[in-house]
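Visitor: Could you take me through one part of this model closely, namely the place where the two chains meet, and then set that part in the context of the chain as a whole?

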Number of protein chains: 2
Amino acid sequence: MSKVQKIPKATITRLSMYYRQLELLEFDGYRMVSSEKLAWLCQINPAQVRKDLGYFGEFGVRGVGYDVIDLQAQIKKILSVNRDWNLGIAGMGNMGCAILLHRNLALRGFKCVAAFDNAMDRIGMPLPGGMKVQDIKELKTTVRDLNIEIGVITTPASAAQGVANLFMEGHVNAILNFAPTRIDSPNCCLVENIDFTVIMDILTYKLHQKMAA
Amino acid sequence: MSKVQKIPKATITRLSMYYRQLELLEFDGYRMVSSEKLAWLCQINPAQVRKDLGYFGEFGVRGVGYDVIDLQAQIKKILSVNRDWNLGIAGMGNMGCAILLHRNLALRGFKCVAAFDNAMDRIGMPLPGGMKVQDIKELKTTVRDLNIEIGVITTPASAAQGVANLFMEGHVNAILNFAPTRIDSPNCCLVENIDFTVIMDILTYKLHQKMAA
């Protein structure tokens with residue numbers, strides 16, 4: 001077991017939200033923000049803001065609030081987004097292209113440095129930034145050459161495990177899997193699965209609760 | 001406040017996972033499954049399985065386990081996926097097409113019945129199933145005519161609120177927003193935001209914890 005304190009995933013999600021609101025506040029010229037205002041902007045209650053931030057230290061001043069710029073820096077550090085991360089994407093269909101061309105990912109330091117596919121009509125296809133779609137066979141060596149830390153899988157389900165194995169052989173630290181299948185991995189590689197059907201299940205559950213309330 | 005018992009979101013996510021494993025177990029010919037086996041398949045602990053299901057009733061038989069088919073039906077009912085849902089998608093870029101063509105969504109009863117865009121070169125574009133991309137101006141009336149219950153927004157951030165307003169004027173019950181901006185909505189419409197940059201923040205946080213452990 002890890003010695004690190006167990007922080008709820010919802011707290012991490014909210015930190016990411018707080019950070020986005022702090023950016024907007026800075027843009028609007030605010031220097032300080034109260035937990036009440038930050039909570040209101042995020043549509044949650046102020047006690048939750050204080051509790052979430054309390055896991056990581058004392059960031060506010062009682063009766064004054066939080067320093068908008070300082071708290072951004074603290075949250076970036078907590079989330080480890082105070083640096084760039086190199087991404088490689090395997091599977092250049094609609095989903096792969098959507099991730100590759102996602103402007104906000106690049107702006108936030110998630111740099112797509114390589115893209116792969118196994119289809120002959122996609123390999124060699126020019127991409128923004130002077131990149132080209134590479135043959136999936138080059139994945140393992142490219143991961144090492146370009147220091148790719150996060151592998152993104154946007155292939156069909158049937159190809160996902162094979163591609164994951166290639167990413168792991170190249171020693172990525174994490175895999176973000178959009179293919180609708182689970183990936184087996186040794187403990188050394190972190191795997192996050194984003195399954196749209198699970199997202200839809202959560203939505204319909206909430207919708208049903210709302211309609212029944 | 002709702003009278004409905006507050007169930008953790010993580011529980012709902014896991015129910016969705018259990019359901020997928022139960023489908024596979026049925027496919028493999030299993031009639032019964034223990035909480036230990038179901039937990040092992042989902043890479044969690046058995047107490048968690050029992051706790052999650054315990055929120056909703058007594059589904060298992062002590063010493064025997066859960067009926068694979070019956071538990072699927074129960075979970076489908078809990079998640080409200082024991083029926084089809086009509087979806088409309090606004091924004092036919094890469095992300096919109098990825099959702100529209102997502103085979104598993106349709107298989108699970110999430111039917112994309114209309115697609116919209118405002119770009120002249122996309123309007124009229126043929127889509128699978130005999131559909132065509134419709135002008136965004138037709139959104140409100142189409143939502144009513146086709147009984148669209150869930151609006152999916154895959155437009156750029158700048159267009160998202162306007163499109164959300166159209167969906168709400170057409171009286172959808174829920175909006176799934178992939179545009180990297182928050183949607184303002186009255187309480188009557190459920191909005192779920194899927195922000196890839198937030199997903200990446202959670203991933204890098206976990207990665208950092210793992211590396212530090």
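Guide: Since the model is a predicted one, what follows describes computed geometry, and I begin with the chain before turning to the contact. Chain A is divided into two domains, domain 1 covering residues 9-78 and domain 2 covering residues 85-197, and the C-alpha centres of these domains of chain A are 32 Å apart. In secondary structure, chain A has nine helices and eight strands, and its C-alpha atoms fill a box of roughly 60 × 45 × 40 Å along the principal axes. Of its 213 residues, 40% count as buried, and among the contacts in chain A with a separation of 6 or more, 55% are between residues 24 or more positions apart.

Turning to the contact itself, chain B contributes 48 residues and chain A contributes 48 residues. On the side of chain B that touches chain A, the elements giving two or more residues are helix H1 (9-27), helix H5 (94-100), helix H6 (103-107), strand S7 (174-177), strand S8 (190-193) and helix H9 (196-212) of chain B. The largest share of that side, 16 residues, is supplied by H9(B). Sorted by class, the side of chain B that touches chain A holds 29 nonpolar, 12 polar and seven charged residues.

The symmetry of the pair can be stated precisely, for chain B is superposed on chain A by a rotation of 180° with 0.0 Å of shift along its axis, at an RMSD of 0.0 Å. The two copies are therefore related as by a two-fold rotation axis. Among the residues of chain B, Asn94(B) comes closest to that rotation axis, its C-alpha lying at 2.4 Å. Of the interface residues of chain B, 100% are also interface residues in chain A, so the copies meet through the same surface.

Helix H9 deserves a look in chain A as well. Helix H9 of chain A, residues 196-212, has 17 residues and should span 24 Å at 1.5 Å a residue, and because its end C-alpha atoms are 24 Å apart, the expected and modelled spans agree. The buried residues of H9(A) are Phe196(A), Val198(A), Met200(A), Asp201(A), Leu203(A), Thr204(A) and Tyr205(A).

The largest nonpolar core has 78 residues, and those with the most contacts inside it are Ile89, Ile153 and Phe167 of chain A together with Ile89, Ile153 and Phe167 of chain B. Leaving aside residues up to four places away in sequence, Ile153(A) touches Ala90(A), Gly91(A), Ala160(A), Val163(A), Ala164(A), Ile175(A), Asn177(A), Phe178(A) and Ala179(A).

Some individual residues of chain B complete the account. Thr141(B) is found in helix H7 (residues 139-145) of chain B, and it counts as partly exposed because it has 13 C-beta neighbours inside 10 Å. From Thr141(B) to Asn177(B) the separation is 36 residues in sequence and 20 Å in space, C-alpha to C-alpha. Most residues other than glycine have a negative phi, and against that background two loop residues may be noted. Gln43(B), in the loop between helix H2 (35-41) and helix H3 (46-54) of chain B, has a positive phi near 60°, and with 9 other C-beta atoms within 10 Å it is exposed. Asn147(B), in the loop between H7 and strand S6 (150-153) of chain B, has a positive phi of about 55°, and its 10 C-beta neighbours inside 10 Å place it among the exposed residues.

Terms used:
Residues numbered from 1 in each chain as written. Chains lettered and ligands numbered in written order. Predicted model: local features only at pLDDT ≥ 70, side-chain atom pairs only at ≥ 80, totals over all residues. Contact = placed C-beta atoms within 7 Å. Helix = DSSP H or I, 4+ residues; strand = E, 2+ residues; numbered from the N terminus. Nonpolar A, V, L, I, M, F, W, Y, C, P; charged D, E, K, R; others polar. Least-squares fit on C-alpha atoms with pLDDT ≥ 70 in both. Domains from an automatic or database assignment. Expected span 1.5 Å × (residues − 1). Buried ≥ 20, exposed ≤ 12 C-beta atoms within 10 Å, placed from the backbone. Core = buried A, V, L, I, M, F, W, Y, C linked by C-beta atoms within 7 Å.
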